[in-house]
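Please read the following account alongside the sequence and the coordinates. It proceeds from the whole chain to individual residues and residue pairs.

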Amino acid sequence: MAENQDGQERTEEASAKKLADARKKGQVPRSKELATMAVTMMGAAMLIVTGGSLATGMQDIMRQTLSPNYLLASSDRMAGQLYEMLVRGLLTIWPLMLAAFIAAIAANTVLGGWTFKLSFKPERLDPIKGVGKLFSVRSLGELFKSIVKMLFIGAAAYAVLEVMSTDILNLGMQDPREAIANSAGLLVWFFLFVSLPLIVIAAIDVPWQLWNHKKELKMTRQEVRDEHKESDGNPEMKAKLREMQQAAARRRMMEKVPTADVVITNPTHFAVALKYDEARMAAPVLVAKGADQVAARIRELATDNKVSLVESPRLARAVFASVDLDQEIPAGLYLAVAQILTYVYQLRSWQSVGGERPDAPEPDIDDTYLKDLL
């Protein structure tokens, strides 16, 4: 069982965060055997499909380069002829190169997806560590895998040569041009059949690489706890943050008290501030509410900003319990709040014009509604 430096066993599966961090570092499952198999098989398939045109193109290049005009060319023309020959050769084999490139990219991304990370680690140049890696379990495993691969490929090559031995011997009795064409075909099929063992090797290596990658990223229980603590946050810090958020929300709420039309009180334990704009609101909106010390602060701000204070214990408790900040009051309290607002508007008129002071109402609240609410 794998252990970390503290001696704890890595028994827990890697978390999503650890997998994401590993991907950022370029640590994803990869199979070199899968890439080798894909490139080799794709190359063999492309040789079977385009081998004729490829052979014809290379034959034309060879015929031209062996002609007297090329062989007897002056030194001034030699560089240009060499460049021309190189370009023609690349244009001839580009389908094969493109197919091999696509196979290499696909094979390297099919397991762990696409990652690209360049990094230089000076410790990798340490010769002592390099010698240590030569005798590591991983290196021994790679050596064993290489030996098995060579045995598989050698056995396949021997079997194919046994089957093709008669055709190979007949090449010596054929016309040179026919023999060259037939030998090219034999080579292509030999290449394909000798590459087939790579499929078996890749089929074994891919599950092993996935298992080994999963094993290397396993975590100890302490690492899991530390990660949860980091992701969830320190309890003390969370409490402090929550306190700061509540304080900020309370400040924003207090800033709205001066804009209210009325503050309804308990008179001491509760206070709710309501605002109503007939042009923009369908019903009065609760802009601030609080109990005890917060209620006292709301009453203080209302007094300082000449916002009407109305005592109505039952209505104050009902609004406090049933309405959230910046929400409209429920329909069950429409009549009671309307009576309070009417009184506030009458009070403002009395303060401006004078006359007989209006009496504070006792809001009508359905006892059944109030009982269900509180």
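The paragraphs below describe the overall make-up of the model, its annotated spans, its surface and selected contacts.

The model is predicted, not determined by experiment. The protein contains 14 helices and four strands. Of its 374 residues, 29% are buried. The protein exposes about 24800 Å², and carbon and sulfur atoms supply 61% of that area. Among the contacts with a separation of 6 or more, 72% are between residues 24 or more positions apart.

An annotation record adds a further layer to this picture. In an unreviewed UniProt entry, residues 34–55, 93–116, 147–166 and 186–211 are listed under "transmembrane region". The model can be inspected over two of these spans. Residues 34–55 are 100% helix and 0% strand, and the C-alpha atoms at the two ends lie 28 Å apart. Residues 147–166 are likewise 100% helix and 0% strand, with 30 Å between the end C-alpha atoms.

Which residues form a nonpolar patch on the surface? The patch consists of L91, W94, L98, F101, I102, I105 and W114, which together have about 800 Å² of accessible area. One of its members, F101, is found in helix α4, which covers residues 75–109. F101 has a relative accessibility of 54% and therefore counts as exposed, since the threshold for that class is over 50%.

Helix α2, residues 32–65, offers examples of buried positions. T40 lies in this helix, and because its relative accessible area is 15%, T40 is classed as buried. The limit for that class is under 20%. Leaving out residues up to four places away in sequence, T40 touches F191, S195 and L198.

Charged pairs come next. The structure has seven salt bridges. One of them joins E33 and K149, whose closest N and O atoms are 3.1 Å apart. This bridge links distant parts of the chain, as E33 is in helix α2 and K149 is in helix α6 (residues 137–170), 116 residues apart. Is E33 buried or exposed? E33 has a relative accessible area of 6% and is therefore buried. Its partner K149, at 18% relative accessibility, also counts as buried.

The salt bridge between K256 and D326 has an N to O distance of 2.9 Å. Here too, distant parts of the chain are linked: K256 is in helix α10 (residues 235–256), D326 is in the loop between α12 and α13 (334–353), and 70 residues separate the pair. K256 is partly exposed, with a relative accessible area of 32%, and D326 counts as partly exposed at 44% relative accessibility. Elsewhere, salt bridges that share partners join E13, K214 and K218 into one network.

Within that network, K218 forms a salt bridge with E13, the closest N and O atoms being 4.0 Å apart. The two residues are 205 residues apart: K218 is in the loop between α8 (197–216) and α9 (221–232), whereas E13 is in the segment before α1. Both are partly exposed, K218 at 21% relative accessibility and E13 at 43%.

Which residues does E12 contact, leaving aside neighbours within four places in sequence? They are K218, M219, T220, R221 and V224. E12 lies in the segment before α1 (16–24) and is partly exposed, with a relative accessible area of 25%. Between E12 and T220 the C-alpha to C-alpha distance is 5.9 Å, although the two are 208 residues apart in sequence.

The last topic is aromatic pairing. A pair of aromatic rings is described by the distance of the centres and the angle of the planes. The count of aromatic pairs comes to two. One of these is F270 with F320, whose ring centres are 4.8 Å apart and whose planes stand at 55°, so the pair is tilted. The pair links distant parts of the chain, with F270 in strand β2 (residues 270–275) and F320 in helix α12 (residues 313–322), 50 residues apart. F270 counts as partly exposed at 21% relative accessibility, and F320 falls into the partly exposed class at 25%.

Key. Residues numbered from 1 in each chain as written. Predicted model: local features only at pLDDT ≥ 70, side-chain atom pairs only at ≥ 80, totals over all residues. Heavy atoms only, no water. Patch = residues over 30% accessible without salt bridge, like charges linked within 9 Å, V, L, I, M, F, W, Y side chains within 5 Å. Areas by Shrake-Rupley, 256 points an atom, 1.4 Å probe, with all protein chains shown as cover. Salt bridge = Lys/Arg side-chain N within 4 Å of Asp/Glu carboxyl O. Buried < 20%, exposed > 50% of the residue type's maximum accessible area, 1.4 Å probe, protein only. UniProt positions renumbered as here; feature names shortened; annotations may be inferred. Contact = heavy atoms within 4.5 Å. Phe/Tyr/Trp six-rings, centres within 6.5 Å; stacked < 30°, edge-to-face > 60°.
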